[in-house]
Amino acid sequence: MRSSLFNRILIALAAAIVIVYFYPHPEAKRFNYEEGRPWNYAKLIAPFDIPIHPDSATLQAARDTLEARFVPIYEMDALVVDSIIDELPYDGVMGMRYRLAERLRAIYAAGVVDMHTGQEISDGKLPKVRILDKNILTETPTTTFMSPRGAYAYLDSTITDPALHYFFSESNLHSLLRPNCRINAEESERRFQYDYLTLTADRGIILQGQTIIDKGTIITSQDYTNLQTYEALLTQDKTSQSQSKWLMIVGQFGYVALLLTALMFYLYYFCPAIYNKLQGVSFIYCLVTLFFLVTVALDYFVAQGIYMAPMMIVPILLLVFFEGRTAIFVSMTLSLICAGTTSFSLEYLFLQFIAATAAVYSLRELSRRAQLLRTSVVVAIAYIVSYIFLELLMNGNLDGISRRILIFLAVNAALTSMAYILMFAAERIFGFISVVTLVELADINNPVLMRLSNECPGTFQHSIAVSNLASDAAHSIGANVQLVRAGALYHDIGKLNNPAFFTENQHGVNPHDALTPEQSASIVISHVKDGIKLAEKAGLPEIIRTFIREHHGAGMAKYFYYTYCKLHPDEQVDPTPFTYPGPNPRSRETSVLMMADAVEAASRSLQTHSEEAITDLVNKIIDGQIADGLHSQSTIAFRDVVAIKEIFIKHLMTIYHSRIAYPSAPKNATTQSQRTPAQ
């Protein structure tokens, strides 16, 4: 008992550690908000002075305005023209060189710019520049500026003196001309940033104690900037952050641990069948942990991704393997854990509760894949309707409805159909069995049942009769009807190895007549062991093998035992060779099968099928099994046994009811063959 409790505590502790590890850290954003949506928290008061920075729209507008009117800064290099003149050729007549130099000085005094700047001036994009000279800026129009190519063309067209023009042509001036007015990129950028900061200076201060934003206020661009400034200042407060980090982790662990402990207490007090099976507890805690991680991952990588997490898979899986009450409780436990990661806790919890209730109500029992599609539609409607009413409750209008959240909720509902895939994974990993699988196993076209029908028709008919009888009894006591039905169909498949040695398959010849009682008993008893081997080979679930293993329990092959005793009246007979290997039934379902199997087989040997005879038979067989202790390990109750007896008697009376004896036809009656067409 202590070991069992320790294992469960270990499972819950491991789940809590994993969940807390992936919980949002203290340094993460403290609030979840979006521009254009209402502030859903309480009024936020400034704990310290907060500068009011311009919002993003104002910053962008200021930059656009400044870029449109900013005048770049250029510098004039007076030495450029001198270096060009020095490169002019010397001719015999010094006057030509002097005259060309004067013209060059006049052009360069006005300014020669590079080709790119010249093109901007031509396009009207640069009407003026600021010339920096000894830290003095002078704004100058660019109408007089030329590019080197423009300067050459100007000289070529304005020199009229043939001698001078000849000297100009021979001086190779087109390769010597270069800009003397260049942009000072560093100074221009510095001045631009200075002007930008001047335009975007802080607009004031939110003093300590003043309201940053009030509850329900639609978050404007300026509000969004103020909130980001507030969070940035909080992050800079290293001391307080360091002090609160570990306390917050302690709080998170306590919060998660209390919820997981409450879940364990629920299973202990209200679902002992789940609590007593370690795989059941493991499955539930693994499911909670897995879907928490999925939710956190989606919320981390996608804004508001928490609404896209397919949380309704959890109640669907729990409903398939357990029951609706547990599905709702576990789903809400998971929702409470996830709600601690989001700022909109009320909104999130309300949506998940309504959707989980709708999912459980719409599904109830999953037996066909098409039901999941219907459930997905119901979940989508539940999400959207509850979200609309929540917006009306919180804001009094529908202006705050987010199309993004609506899309995420629809995706969430669509992903619910993935429960079908996870259901089969859970069956393989944890050894559960779903109603869908049971329905598929109960299909008589299953290869094992087809073989039983062809090779052991008597056993097959007996199995169908037992299945009907046991499922009626299971329904009357609230047991798993589909499980009993499937288990009953497969309980005797071991007879496939020796079909002729079982009464229902014999046709006049009984091979047991040539065998000793011990040999006959060994063959009959071996159908349990043979059935387990066939089930394993066919890949039947473990829970179906349990029905094969327990349908005779540790009972005896009494016919052969009594025959042996009669043949050896003076011998103390050892019952071991005539005893089935067991174990005895350990669930209500396998107990029902044991009773139904014995009663159905014995009812075939009754000489009369009166109500009294059937009642005596049912009571004798079931009371005998109880007296032999075959049901001592089962969870079946005495009131269940009473209900089972009543169902068996009623069922057998219906099967073996007496028919009305038809009278012989009188002499004056007309038979059908004697009628005329007119009649």
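**Figure 1. Burial and overall dimensions of the predicted model.** Of the 679 residues of the protein, 44% are classed as buried (buried means under 20% relative accessible area, exposed over 50%, partly exposed in between, with a 1.4 Å probe and protein chains only). This is a predicted model, in which local features need pLDDT of at least 70 and side-chain atom pairs count only at pLDDT 80 or more, while totals for chains, interfaces and linings use all residues. Residues are numbered from 1 along each chain as its sequence is written, and side-chain values use heavy atoms, with hydrogens and water left out. The radius of gyration of the protein is 46 Å, whereas a compact globule of 679 residues would have one near 26 Å (taken over C-alpha atoms; the globule rule is 2.2 Å times the number of residues to the power 0.38). Along the principal axes, the C-alpha atoms fill a box of roughly 155 × 70 × 70 Å. The protein contains 28 helices and eight strands (DSSP runs numbered from the N terminus: helices are H or I with at least four residues, strands E with at least two).

**Figure 2. Contacts, surface and charge.** Among contacts in the protein with a separation of 6 or more, 76% join residues 24 or more positions apart (contact means heavy atoms within 4.5 Å). About 36300 Å² is exposed by the protein, and 59% of this comes from carbon and sulfur atoms (Shrake-Rupley method with a 1.4 Å probe; for residues, only the protein chains shown count as cover). There are 54 positive and 63 negative side chains, and the centres of these two sets are 6 Å apart. Lys and Arg count as positive and Asp and Glu as negative, without His and the chain ends; each charge is placed at NZ of Lys, CZ of Arg, CG of Asp or CD of Glu.

**Figure 3. Cysteines Cys271 and Cys565.** The structure has zero disulfides (a disulfide is a pair of cysteine sulfur atoms within 2.5 Å). For Cys271, which is in no disulfide, the nearest cysteine sulfur belongs to Cys286 and is 18 Å away. Cys271 counts as buried because its relative accessibility is 6%. Cys565, at 25%, counts as partly exposed.

**Figure 4. Glu187 in helix α8.** Helix α8 spans residues 185-199 and includes Glu187. A relative accessibility of 15% is why Glu187 counts as buried. With neighbours within four places in sequence left aside, Glu187 is in contact with Ile73 and Leu132.

**Figure 5. Ile532 in helix α23.** Ile532 belongs to helix α23, residues 517-538, and counts as buried at 12% relative accessibility. Beyond its neighbours within four places in sequence, Ile532 is in contact with Arg545, Ile548 and Arg549. Thr144 is 388 residues from Ile532 in sequence, and their C-alpha atoms are 104 Å apart.

**Figure 6. Backbone geometry at three loop residues, Pro583, Lys134 and Asn172.** The peptide bond from Gly582 to Pro583 is cis, with omega near 5°; Pro583 is in the loop between α25 (558-567) and α26 (588-603). Lys134, a residue other than glycine, has a positive phi near 55°. It sits in the loop between β4 (128-133) and β5 (136-141), and its relative accessible area of 75% makes Lys134 exposed. Asn172 also has a positive phi near 55° and is not glycine. The loop holding Asn172 runs between α7 (162-170) and β6 (181-183); at a relative accessible area of 38%, Asn172 is partly exposed.
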